[in-house]
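Please find below some notes on the backbone and on a few side-chain environments, written as numbered points to be read beside the model.

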Amino acid sequence: MTSRATGARRAAVLGKPIGHSLSPVLHRAAYAELGLGDWSYDRFEVDEAGLAGFFAGLGPEWAGLSLTMPLKRAVMPLLDEVSETAASVDAVNTVVFTKDGRKVGDNTDIPGMVAALREHGIEEVESAAILGAGATASSALAALARICPGEVVVYVRSAARAAEMREWGERLDVDVRTADWADATEALRAPLVIATTPAGTADALATAVPERPTTLFDVLYDPWPTELAARWSMFGGAVVGGLDLLVHQAVLQVERMTGRTPAPLEAMRRAGERALAAR
């Protein structure tokens, strides 16, 4: 499922809002390292209502698209094929336009999470906890399906969200138990904690970090570090950050869109770090 890395090609990230996206920085850094001087990568603010029209206007020079919220599900009816990984969570974050004109959807967030954890030495965990129950939480469950044979406790704020996460657990064959957000400090003692909540939501948990924390995967990258991540590091725990996830999923996107492997992970990471430092 790759595009051809020949001739002037285009790619972009779509979403709304989109101005904050680091994807152009990461992909352009990859193109520079790979010698793809005639490739371009842009950003476009597109919502669900405008997505079909955007697709209709794309020409043969397009190699692929990255998708962020709120488009990850809205794009699925527009595609010719969806990978098993993307179908497992009803979310596409990558579209590749093949040389025969087909539109193929994939999800690199899930293997990106696994790769980010592996880079930090996490190959398997006996159990885990997830903070939050949004779209990223379902991707986290899908990632845990690959590395966690035991129970995953998901901390949520509502009964409806709890029911959704239990349904995702059944669908992904993950042993999911839900717990009330009021008890979220208990999550911090799990072998792996994945924080998927919006900025600021988990700050109050920082004072409850145990003396010997294990591993925290906080999917946020701006601002960084979060209060929880900073406290976790101060106590000697391992921290995987949102930039780790962003880079690893972007590496997979570059490989799928260009057909070039391996994508230059370290160059992409450095570009992301510089961009964040400049904000």
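1. P262 lies in the loop between α8 and α9, the latter helix spanning 265-277. The peptide bond leading into P262 from T261 is cis, with omega about -5°. As the model is a predicted one, this assignment is a computed property of the coordinates and is best read in that light.

2. A cis peptide bond is also found from M69 to P70, where omega is near 10°. P70 is placed in the loop between β3 and β4, the strand at 81-82. As general background for both bonds, most peptide bonds are trans.

3. D90 has a positive phi, near 50°, and is a residue other than glycine. The position of D90 is in the loop that runs between α3 (84-89) and β5 (94-97). With a relative accessibility of 26%, D90 counts as partly exposed, because that category takes in values between the 20% and 50% limits.

4. D173 likewise shows a positive phi, in this case near 60°, without being a glycine. The loop that holds D173 lies between α6 (159-172) and β9 (175-180). D173 has a relative accessibility of 71% and therefore counts as exposed, since the threshold for that class is over 50%. For context on points 3 and 4, most residues other than glycine have a negative phi.

5. D244 belongs to helix α8, which covers residues 242-258. Its relative accessible area of 13% is under the 20% limit, so D244 is classed as buried. The side chain of D244 forms a polar contact of 3.1 Å with the side chain of R269. Leaving aside residues up to four places away in sequence, D244 touches A116, E119, H120 and R269, so that R269 appears both as a partner in the polar contact and in the list of touching residues.

6. Which residues does S66 touch, when those up to four places away in sequence are not counted? The neighbours are A12, V13, L14, H27, Y41, N93, Q253 and M257. S66 itself is found in strand β3, residues 62-67, and S66 is buried because its relative accessible area, 3%, is under 20%. Two of the residues that S66 touches, Q253 and M257, fall within the 242-258 range of helix α8, the helix that also contains D244.

Conventions: Residues numbered from 1 in each chain as written. Predicted model: local features only at pLDDT ≥ 70, side-chain atom pairs only at ≥ 80, totals over all residues. Heavy atoms only, no water. Helix = DSSP H or I, 4+ residues; strand = E, 2+ residues; numbered from the N terminus. Buried < 20%, exposed > 50% of the residue type's maximum accessible area, 1.4 Å probe, protein only. Polar contact = N/O pair within 3.5 Å; in protein donor to acceptor, adjacent residues only side chain to side chain. Contact = heavy atoms within 4.5 Å.
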